[in-house]
Amino acid sequence: MVKIATWNVNSVKARLPNLLAWLGDAAPDVVLLQEIKCVDDAFPRMEIEDLGYNLAVHGQKTYNGVAILSKGPLDDIRRGLPEGDGDDHARYIEAVASFGDLVLRVASIYLPNGNPVDADPVGSAPFSDKYRFKLAWMDRLRRHAQATLALEEPTVFGGDYNVIPTADDVYAPDAWREDALFRLESREKFRAIIHLGLTDAYRALHPDETRAYTFWDYQAGAWQRDNGLRIDHLLLSPQAADLLTACDIDKAPRGREKASDHTPIWCELQRP
DNA sequence: ATGGTAGCACGGCTA
């Protein structure tokens, strides 16, 4: 059995005590981190390696940054999505993690937020640069996922997608209709990725669960009111979906002191 | 309530 988790930590340095405690408690075999907010050289390698993890890091100063932690060896590490001309955001890293006869391709994804949606009053573009960047990035992710699926390997595309897939995945859908996380364009492009043949691991195993969130804003008492969003996802290739035995959201880290605004979601894959 | 909180880095951006 291999346990794979994804967590947007909102700065790996600010979150280090919480991250180390959670790694000990949850004992995931693979962890996909987003928003590490530091360059590769500033990543707290020793502390995490001491817990038995191999590392692949794609860092950036101040913003973004993604990483993969794995108790099995990591090979074929790829940083950045294809077609990256002019894209200096560290939002994608992929590697092959091996656990005996179970060899998994895993990707840590930090999809652009896209807000604000509206363009500046001056200029003719229908949307802001940020929203158009998000939508274009989703097209690139879809094309790369399509190419990766052609390998017919067990693959997990995990991370902070910054997309609320359906009205059941947000506490107040009507208040979020015009937000970049819930607008039709974002949801359509997310559906197009799913329709390549990927399985949303959480929804596959919990089709009717409501108030199943992975993010609660720091503001306005969102955590205390359970005003959350489900925006962190584990999308599985058919070969990985065939091995899926469990998936859940671990809400405990969100309730701790110095919490990230996101909480981990994990799944288990097991050879039959 | 054009607010509220957090991180980085020390002013303003990102979320």
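In this predicted model, the residue S108 touches L32, L33, Q34, V66, A67, I68, R91, Y92, I93 and G158, when residues up to four places away in sequence are not counted. S108 belongs to strand β7, which covers residues 102-110, and because its relative accessibility is 0%, S108 counts as buried. One of the residues it touches, Q34, also meets S108 through a polar contact between the two side chains, at 3.1 Å.

Another residue touched by S108 is Y92, which lies in strand β6 and is buried, with a relative accessible area of 1%. The side chain of Y92 makes a polar contact with the side chain of E94 at 2.6 Å, and with the side chain of H144 at 3.2 Å. The C-alpha atoms of Y92 and A125, which are 33 residues apart along the chain, are separated by 27 Å.

**The sheet and its edges**

Strands of a sheet pair through backbone hydrogen bonds, either parallel or antiparallel. Here an open sheet is formed by 6 strands in the order β5-β6-β7-β8-β12-β9, and the pairing is mixed. Because β5 (74-79) and β9 (199-200) each have a single partner strand, they stand at the edges, and one side of each is left without a neighbour in the sheet.

The partner of β9 is strand β12 (residues 232-236), and the two pair in the antiparallel sense over 2 bridges, with T199 standing opposite L236 in β12. Strand β12 also pairs with β8, again in the antiparallel sense, over 5 bridges, and the bridge partner of F157 in β12 is L235.

How many of the residues of β12 are buried? The count is 5 of its 5 residues, so that the strand is described as mostly covered. From β12, the residues D232, L234 and L236 point one way, whereas H233 and L235 point the other way, and all are buried.

**Helix α3**

Helix α3 (residues 129-149) has 21 residues and reaches 30 Å from its first C-alpha to its last, close to the 30 Å expected at 1.5 Å a residue. Its buried residues are Y131, K134, L135, W137, M138, D139, R140, L141, H144, A145, T148 and L149; among them is H144, whose side chain makes the polar contact with Y92 described above. What covers the buried residues of α3 includes the strands β6 (92-99), β7 and β8 (155-160), together with the helices α5 (184-194) and α8 (238-241).

**Aromatic rings and charged ends**

A pair of aromatic rings is described by the distance of the centres and the angle of the planes. The structure holds 6 aromatic pairs, and two of them are set out in the table.

| Ring pair | Centre to centre | Angle between planes | Arrangement |
|---|---|---|---|
| Y171 and W176 | 6.3 Å | 80 degrees | edge-to-face |
| Y213 and W216 | 6.5 Å | 75 degrees | edge-to-face |

Within the pair of Y171 and W176, Y171 counts as partly exposed because its relative accessibility is 29%, whereas W176 is buried, with a relative accessible area of 17%. In the other pair, both Y213 and W216 are buried, and ring pairs link these two residues and W223 into a cluster.

Rings are also met by charged side chains: the charged end of K3 sits over the ring of W266, 4.8 Å from its centre, and the charged end of R187 sits over the ring of F182, 4.2 Å from its centre.

**Backbone details in the loops**

Which residues outside glycine have a positive phi? One is N10, where phi is near 50 degrees; N10 lies in the loop between β1 (2-8) and α1 (16-26) and is buried, with a relative accessible area of 13%. Another is D226, with a positive phi of about 55 degrees; D226 lies in the loop between α7 (222-225) and β11 (228-229) and is likewise buried, with a relative accessible area of 18%.

A further detail concerns P116, whose place is in the loop between β7 and α3: the peptide bond from N115 to P116 is cis, with omega near -5 degrees.

Note on methods
Residues are numbered from 1 along each chain as its sequence is written. Chains are lettered from A and ligands numbered from 1 in the order in which they are written. This is a predicted model: local features need pLDDT of at least 70, side-chain atom pairs count only at pLDDT 80 or more; totals for chains, interfaces and linings use all residues. Side-chain values use heavy atoms; hydrogens and water are left out. Helices (H or I, at least four residues) and strands (E, at least two) are DSSP runs, numbered from the N terminus. Buried means under 20% relative accessible area, exposed over 50%, partly exposed in between (1.4 Å probe, protein chains only). A polar contact is a pair of N or O atoms within 3.5 Å; within protein, one must be able to donate a hydrogen and the other to accept it, and residues adjacent in sequence count only if both atoms are side-chain atoms. Contact means heavy atoms within 4.5 Å. The expected span of a helix is 1.5 Å times one less than its number of residues. Two strands pair if DSSP finds at least two bridges between them. Rings of Phe, Tyr and Trp (its six-membered ring) pair if their centres lie within 6.5 Å; planes under 30 degrees apart count as stacked, over 60 as edge-to-face and the rest as tilted. A charge sits over a ring if NZ of Lys or CZ of Arg is within 6 Å of the ring centre and within 35 degrees of the ring normal.
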